[in-house]
Structures are given as C-alpha cells and as structure tokens.
Amino acid sequence: MRVNGDEGEDKHTKEIEQVEESGSVVPTKLVVGYALTSKKKKSFMQPKLVGLARNKGISFIAIDPNRTLSDQGPFDVVLHKLPGREWCEVIEEYRQKHPEVTVLDPPNAVQHLHNRQSMLQDVADLNLSDSHGTVCVPKQLTITKDPSSIPNEVAKAGFKLPLVVKPLLVDGSAKSHELFLAYDQCSLSELEPPLVLQEFVNHGGVLFKIYIVGEAIKVVRRFSLPNISKRELEKLAGVFHFPRVSCAAASADDADLDPSIAELPQRPLLERLARELRQRLGLQLFNVDMIREYGTKDVFYVIDINYFPGYGKMPEYEHIFTDFLLSLPQIMYKKRPAT
Ligand SMILES: Nc1ncnc2c1ncn2[C@@H]1O[C@H](COP(=O)(O)OP(=O)(O)OP(=O)(O)O)[C@@H](O)[C@H]1O
Ligand SMILES: O=P(O)(O)O[C@H]1[C@H](OP(=O)(O)O)[C@@H](OP(=O)(O)O)[C@@H](O)[C@@H](O)[C@@H]1OP(=O)(O)O
Ligand SMILES: [Mg+2]
Ligand SMILES: [Mg+2]
C-alpha cells in the first residue's frame, strides 16, 4: 500500500523527531506508534504534545503504512486513522497477531462510524432520559437507491420540512462532508443516493462538541446553522448545497450568546452519554456533535459522531491525551528495562 508524503509533511516529521530526540531524563515507559494522514499529523502531533509526552516517558514513533507493521516497533499502543478498506485489514490483522498491543481503536468499531445510519443507532437504543436531560437522534431515513421515490417515502414517514441531507457513508473525503438543506419534498428526487435524510432541528445556531478521550470529556461550543423559521420555510423551495458546514464553523466559546442557547449540557448527562457510548461503540477516541432543541432547556439531539476528531482544537488536549495513554492497562504490567 502506497501512501505518499509531501515536503510539508517531511518538515513536520523532522520537527517532531527533533523534539523526540531532545534529551529527556525520563525513561521510556510507553512506545506509541501512530499511523495518521499528513493533515492529522500536523494538527495532532504538535511539538507541545510530543514534548510533554517525552517528559512523561511516552515515546511517539511514526508508522510507515507502506511497510509491514510487525517489522516496525515494537509498540505498546498504536494510534491510527487512515482511509481505506485495505488499511483496515492491515490493522485488524496486526491487532490479532499482537494482542499485547492496544490498538486505538479496533477497526470494526471505527467502521461503525463510517455509516451515518449505524453511527446514531446506539444513541437511539440508549434512550437516555433522566433528571439532567433527554438525548435523542433526529428522525432519520436512509435512501440507498431510486431517488424518485424519496418524496413519497418522506411523505409516508411524516417528516417535517426542512430536511438535512447527508451522504450515507463517511470516508474522510470532502464529498462525505457535503450537506444539503431541502425545503420541499419534490426537490428531493434530484439528490444522489446513498443518503440519509434528517429532520432539521432548530437549535439557536450553537452546537456542542463533546470530545471524548477514554474517561476524559471536554465540551466546546461551535457556531452552527441558524434556526429556520416557518416564514422562511414558506418563502423558500429547492435544495441548498453546503460543501462543508462544520469545517468553517468558528468556536462560539467566547461569543456573547443568549444563555438559554449557550448553556452547556449538564455534566452528569454528558458523563452518562460518554460512558454508555464508549461501551456500546467499543471506542475510546471520538467526539459527539450535540444540539439543544430551541426553546427547551434540556432536550438534546446527537447529529454526528466522529472517530479520532480534531483533538488539536480541544483545550488541554496534550495533558488529557498523555494522561490517557499512561492510564492504559499496558503500563501496569509492562517490564521494559529503563533506557
Ligand atoms: N439534524 C440537524 N439539524 C440541525 N442542524 C444540523 C443537523 N444535522 C447537521 N446539522 C448542521 O450541519 C453541520 C454538519 O453536519 P454533520 O456534523 O452531520 O456533518 P459532518 O460533515 O459529519 O461534520 P464533521 O466535520 O463534524 O464530521 C452540523 O455541525 C450542524 O451545524
Ligand atoms: O479536520 P480536523 O482536524 O478538525 O478534524 C475533523 C476530522 O478530520 P481529520 O480526521 O481528517 O483531521 C473529521 O474526520 P473525517 O470524518 O473527515 O474522517 C471529523 O472527525 C471532524 O469532526 C473533525 O473535526 P472536529 O469535529 O474535531 O471539529
Ligand atoms: Mg459534525
Ligand atoms: Mg462527522
């Protein structure tokens, strides 16, 4: 398998190697191999993370996906996010051959998030509702063929307009992040399956990104799509295309917002949601996009779950990530001689 690097990537790798090599008196306790895209390496493998890790006895080693995995290392932990089925097979084979290595995360669990239908199923099954709030998923329909049937199916299922239309499969490509807003049923037949159709939930234009790293949780606010009023819905028709909404969305943490919109979901609710999803999904590294239904205090909708998201944007991710790595079971029984 050939995964090409570029000049920028080479420079970044050298910078990281320099931090790795700059003397540390702390013996290595944990060797972490990482197989990431060059974009991910740049955003995640920041010198501050690598330096802090080094001082805590964690050494990061870049995995070359073009070479046999078992010939590299040995690793205690492998972090990975690379596209393609081929890589998935490589990493699964390695995981089975090396049960002593913690592979974050198991590829079959990661794949569960590559489909927007299956990704939200566990949230729906969870039926989470307690004194701290209710967590649901938007009403959703999966269309795999024959777009001409969409208007009928939408009417039959009793969906309220407008609808958010997303590609069914998430493969890391720009196309899999495209989004459409459909204001009338007829225009839906123009769309290209496989797709999921979701009811648009008014949420005051603010979204909560809940980052999960093992047992650690951090939540941040982001700007999101604004409310769509009944008047606007009556005026507009057709399907509107958004190349990628979330990428351009700025942090809303410092904005002067209506408190009823900006107030973070209650911590116990987030803790329960994260704990349950970690177990049900079998994942340690993911984030959850959650919105509060406009006009309510505690009715939330999960609209998206992402594997190994942009942790570089999570406050204090260096500390959280290194503490997480050191909490993995490996460290308990490992008898690596001090170097
Ligand atoms: N059902 C919905 N109701 C209201 N707004 C929505 C809904 N679904 C998505 N959105 C808006 O569209 C944005 C993009 O949707 P979503 O998060 O599902 O796409 P994505 O491409 O997977 O995003 P990411 O970059 O986080 O992976 C959301 O951040 C939110 O602003
Ligand atoms: O681009 P960023 O680093 O911000 O990370 C984004 C990440 O892209 P990358 O993994 O290719 O880097 C996306 O992954 P794919 O779905 O495309 O696989 C998805 O997880 C987004 O939700 C992340 O943004 P965040 O949710 O953290 O804002
Ligand atoms: Mg999202
Ligand atoms: Mg997503």
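**Exercise 1. Work out which side chains coordinate the magnesium ion (ligand 3), and where in the fold they sit.**

Start with the donors: D289 (OD) and D304 (OD) coordinate the magnesium ion (ligand 3), at 2.0 to 2.2 Å. Donors here are N, O and S atoms within 2.8 Å of the metal (3.2 Å for Na, K and Ca), and since water is not among the atoms, sites may look incomplete.

Next, place the pair on the chain. D289 belongs to strand β14 and D304 to strand β15, 15 residues apart, and the two link distant parts of the chain. Strands (E, at least two residues) and helices (H or I, at least four) are DSSP runs, numbered from the N terminus.

Then look for a second metal. D304 bridges the magnesium ion (ligand 3) and the magnesium ion (ligand 4), and these ions lie 3.8 Å apart.

Finally, check burial: D289 and D304 are both buried. Buried means under 20% relative accessible area, exposed over 50%, and partly exposed in between (1.4 Å probe, protein chains only).

A word on the ground rules before moving on. This is a predicted model, where local features need pLDDT of at least 70 and side-chain atom pairs count only at pLDDT 80 or more, while totals for chains, interfaces and linings use all residues. Residues are numbered from 1 along each chain as its sequence is written, chains are lettered from A and ligands numbered from 1 in the order in which they are written, and side-chain values use heavy atoms, with hydrogens and water left out.

**Exercise 2. Describe the shell around ligand 1 and the polar contacts made there.**

First, the shell itself. There are 23 residues around ligand 1, and K166, H177, S224, R244 and S246 come nearest; to count as near, a residue needs a heavy atom within 4 Å.

Second, sort the shell by type: 10 nonpolar, six polar and seven charged. In this scheme Ala, Val, Leu, Ile, Met, Phe, Trp, Tyr, Cys and Pro are nonpolar, Asp, Glu, Lys and Arg charged, and the others, Gly among them, polar.

Third, trace the shell back to the fold. Elements that each supply at least two residues include β8 (163-167), β10 (195-199) and α9 (245-248). The largest share, three residues, comes from β15.

Fourth, pick out polar contacts (N or O pairs within 3.5 Å). A backbone N or O atom of E199 sits 3.1 Å from a nitrogen atom of ligand 1, and one of V201 sits 3.0 Å from a nitrogen atom of ligand 1. D289 turns up here too, with a polar side-chain atom 3.2 Å from an oxygen atom of ligand 1. As for cover, ligand 1 has 610 Å² of accessible area on its own, and the protein covers 96% of that (Shrake-Rupley method, 1.4 Å probe).

**Exercise 3. Find the backbone oddities at P74, P162, D146 and F308.**

Take the cis peptide bonds first. One joins G73 and P74, with omega about 5 degrees, and P74 lies in the loop between β2 (58-62) and β3 (77-81). Another runs from L161 to P162, with omega near -5 degrees; P162 lies in the loop between α7 (150-157) and β8.

Now the positive phi values. D146 has phi near 50 degrees and sits in the loop between β7 (140-143) and α7, partly exposed at 43% relative accessibility. F308 has phi near 35 degrees and lies in the loop between β15 and α12 (317-326), but at 0% relative accessibility F308 is buried.

Key. Polar contact = N/O pair within 3.5 Å; in protein donor to acceptor, adjacent residues only side chain to side chain.
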